[in-house]
Amino acid sequence: MAILVVDDSRLYRNIIKNVLAERNMADEGILDAGDGSEALSILLEREDISLLLVDWNMPKMNGLDLVKKIREMDRYKTMPIVMITSEAARYNVMEALKAGVSDYVVKPITGRILGNKIDAFLQR
Ligand SMILES: [Mg+2]
């Protein structure tokens, strides 16, 4: 089982990866990408991604477009997707949920809040 972390900020990728590491997720099970198109390549190439943590604002392909694209694929119809973003407006949350995001975390994140969300999906 692998988890894909997508954010154009290396700092945020590292923060998220640290939260995952604290939950004893093996390092080799955590992949990361710096934009939506890089993430899409990984998702097309691998079949073991079971949780996607994705930023909204990124170059090339943003998180919302990535979510819309992968939700059209049979194998990613039900994969949990958590959007982690500074877009906190109610309108944004609604748009993301409509696109197929499973849960939404507003930056700045705390390890505890993100950890609780991740735990909920990993236990399913
Ligand atoms: Mg960003």
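**Group meeting: helix packing, core and two backbone details**

Helices α1 and α5 are oblique to each other, because their axes cross at roughly 60°, and an angle between 35 and 65 degrees falls in that class. I should say at the start that this is a predicted model. α1 covers residues 10-22 and α5 covers residues 111-122, and the two axes come within 10 Å. The crossing of α1 past α5 is right-handed.

Which residues make the contact? From α1 they are I16, V19, L20 and E22, and these meet G111, L114, G115 and I118 of α5. Sorted by class, that contact holds five nonpolar residues, two polar ones and one charged one.

Next, the core. The largest nonpolar core has 29 residues, and the members that touch the most others are L4, I16, L53, V54 and M83. Several elements give it two or more residues, including β1, α1, β4 and α5. The biggest contribution is from β3, at five residues. I16 is thus on both lists: it is in the contact with α5 and among the core members just named. As for L4, leaving out residues up to four places away in sequence, L4 touches L31, A33, A39, I42, L43, I49 and L52.

Last, the backbone. Most residues other than glycine have a negative phi, and most peptide bonds are trans. Two places here are worth a look. The bond from K107 to P108 is cis, with omega near 0°, and P108 is in the loop between β5 and α5. K60, in the loop between β3 and α3, is not a glycine but has a positive phi of about 65°. Is K60 buried or exposed? K60 counts as partly exposed, because it has 14 C-beta neighbours inside 10 Å.

Conventions:
Residues are numbered from 1 along each chain as its sequence is written. This is a predicted model: local features need pLDDT of at least 70, side-chain atom pairs count only at pLDDT 80 or more; totals for chains, interfaces and linings use all residues. Axes are lines fitted to C-alpha atoms, for helices over the stretch in contact, and angles run from 0 to 180 degrees between N-to-C directions. Helices (H or I, at least four residues) and strands (E, at least two) are DSSP runs, numbered from the N terminus. Angles under 35 degrees count as roughly parallel, over 145 as roughly antiparallel, 65 to 115 as roughly perpendicular and the rest as oblique. A crossing is left-handed if the near helix is turned anticlockwise from the far one by less than a right angle, and right-handed if clockwise. Two residues are in contact if their C-beta atoms, placed from the backbone, lie within 7 Å. Ala, Val, Leu, Ile, Met, Phe, Trp, Tyr, Cys and Pro count as nonpolar, Asp, Glu, Lys and Arg as charged, and the others, Gly among them, as polar. A nonpolar core is a set of buried Ala, Val, Leu, Ile, Met, Phe, Trp, Tyr and Cys residues joined through C-beta atoms within 7 Å. A residue is buried if 20 or more other C-beta atoms lie within 10 Å of its own, exposed if 12 or fewer, and partly exposed in between; C-beta atoms are placed from the backbone.
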